[in-house]
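Here is a friendly tour of a small set of features worth looking at side by side with the coordinates. Please have the viewer open as you read.

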Amino acid sequence: MTDLMTALALVLVIEGLAWAAFPEAMKRMMAQVLVMPPDLLRGIGLFMAILGLGGVWLARSAL
């Protein structure tokens, strides 16, 4: 459970840094996301989830 909370906290840190460092670029990106079709967003989300799972697997297997 500690690992899950740490991972969620790191997501917030990364998101917060992106918004703090590049607010205009983030606003433009969000505007582009709003016009994307749902199927494309679903595919991107699935790809990112698989990529993240692979990263976690690699990190855990290296230890």
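## The largest pocket

Let's begin with open space in this predicted model. The largest pocket has a volume of about 160 Å³. Which residues line the largest pocket? Its lining is made up of Leu4, Ala7, Leu8, Leu10, Val11, Ile14 and Glu15. Sorted by class, that lining holds six nonpolar residues, one charged residue and no polar ones.

## Where α1 meets α2

Now turn to the helix pair. Helix α1 covers residues 2-21 and helix α2 covers residues 23-34, and their axes lie 5 Å apart. The two pack at an angle of about 110°, and angles of 65 to 115 degrees count as roughly perpendicular, so that is how α1 and α2 are placed relative to each other.

On the α1 side, the contact involves Glu15, Ala18, Trp19, Ala20 and Ala21. Their partners in α2 are Pro23, Met26, Lys27 and Met30. Seven of the residues in this contact are nonpolar and two are charged, with no polar ones. Glu15 is worth a second look: this residue takes part in the contact with α2 and is also in the lining of the largest pocket.

## Overall architecture

Stepping back, the protein has three helices and zero strands, so to speak an α-α-α order from the N terminus on.

How does the radius of gyration compare with that of a compact globule of 63 residues? The protein has 15 Å, where such a globule would be near 11 Å. Along the principal axes, the C-alpha atoms fill a box of roughly 40 × 30 × 20 Å.

Key:
Residues numbered from 1 in each chain as written. Predicted model: local features only at pLDDT ≥ 70, side-chain atom pairs only at ≥ 80, totals over all residues. Heavy atoms only, no water. Axes fitted to C-alpha atoms, helices over the stretch in contact; angles between N-to-C directions. Helix = DSSP H or I, 4+ residues; strand = E, 2+ residues; numbered from the N terminus. Parallel < 35°, antiparallel > 145°, perpendicular 65-115°, else oblique. Contact = heavy atoms within 4.5 Å. Nonpolar A, V, L, I, M, F, W, Y, C, P; charged D, E, K, R; others polar. 1 Å grid on protein atoms, 1.4 Å probe; cavity = no way out; pocket = protein on both sides within 12 Å on 5 of 7 lines; lining within 4 Å. Points joined across faces, edges and corners; volume = space filled by probe spheres on them. Rg over C-alpha atoms; globule rule 2.2 N^0.38 Å.
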